[in-house]
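Q: Could you take a close look at one sheet in this model for me? I'd like to hear how the strands are laid out and what sits against them.

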Amino acid sequence: AATSIDYATVYLGALRAGVVVAPLAPGSTPEAFARMLLDAGARVLFTDASAADTVGDAGRGAVVRIALDGSGAGQPLEDWLATPGTHPAPVVVEPGWAFNIIYSSGTTGVPKGIVQSHGMRWAHVTRGARYGYGSDTVTLLSTPLYSNTTLVVLFPTLAYGGTVLLMPRFDAAGYLRLAQAQHVTHTMLVPVQYQRLMARPDFDAHELGSFRMKFSTSAPFGAALKADVLKRWPGGLVEFYGMTEGGGTCILEAHVHPDKLHTV
């Protein structure tokens with residue numbers, strides 16, 4: 001499904017119940033989507049109208065479909081939810097339990113499910129203290145919620161009591177307006193988004209002094225572009241590599257090592 005508050009709520013509710021989540025891209029091919037749905041052993045599919053062409057008939061009759069957007073994509077979410085006031089049985093989650101399954105094609109073109117544990121995600125959260133997360137954090141996210149790129153910043157923000165702003169889609173002008181108006185402190189962007197933002201003639205006209213940390217991953221990040229971000233955009237700049245398979249094994253804190261901008 002597309003990014004929405006309900007998407008995030010369902011994700012968190014599933015985790016609270018000890019359920020594994022497999023976030024799937026609405027832009028996948030129908031064939032790839034059907035394979036991932038089967039491979040994950042999905043029992044419930046949360047979707048919306050934006051993914052109709054991708055979802056097609058995959059899992060119909062075997063997998064319960066819930067519509068997040070009030071469309072005909074499935075049973076309305078409101079009808080599926082427990083009665084207000086219901087108290088679910090408490091679940092004590094073990095560190096080794098699967099948290100989510102992230103599907104990645106790598107270079108083979110065939111999506112493979114990478115199982116990440118609650119323990120690994122907790123490591124992301126505890127690492128957040130180094131990057132200035134707190135109850136006053138305001139994180140702006142314009143990358144999709146199905147992507148691990150987004151999740152590695154979403155969960156620490158919420159865990160430390162911060163606020164997340166979700167953009168349905170990236171728009172450079174809109175991003176800068178939001179960042180200034182909401183006094184954003186943290187963000188995750190892929191390199192091409194940094195490139196588009198820094199290229200805007202009005203970039204320097206925006207007040208971005210509230211930023212503490214900016215993150216990037218998912219594609220090569222040129223040294224010259226990193227240097228420009230460090231020079232003109234307040235706050236630190238951190239690049240992750242191997243984040244899905246390794247949990248963020250390689251990290252470049254560009255603001256600490258300005259002589260290492262050619263690597264990660």
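A: Let's start where 4 bridges join strand E6 (residues 138-141) to E7, the two running parallel. Helices (H or I, at least four residues) and strands (E, at least two) are DSSP runs, numbered from the N terminus, and two strands pair if DSSP finds at least two bridges between them. One of the partners here is easy to find: Leu140 has Leu165 as its bridge partner in E7. A quick note on the source: this is a predicted model, where local features need pLDDT of at least 70, side-chain atom pairs count only at pLDDT 80 or more, and totals for chains, interfaces and linings use all residues. Residues are numbered from 1 along each chain as its sequence is written, and side-chain values use heavy atoms, with hydrogens and water left out.

Zooming out, the pair belongs to an open sheet of 6 strands, ordered E7-E6-E8-E9-E10-E11, with mixed pairing. At the edges stand E7 (163-166) and E11 (250-253); each has a single partner strand, so one side of each is left without a neighbour in the sheet. From one strand to the next, the twist averages 20°; axes are lines fitted to C-alpha atoms, for helices over the stretch in contact, and angles run from 0 to 180 degrees between N-to-C directions.

What packs on the sheet? Helix H8 (residues 191-198) does, touching E8 (186-188), E9 (213-216) and E10 (236-241), where contact means heavy atoms within 4.5 Å. The direction of H8 makes about 125° with that of E9.
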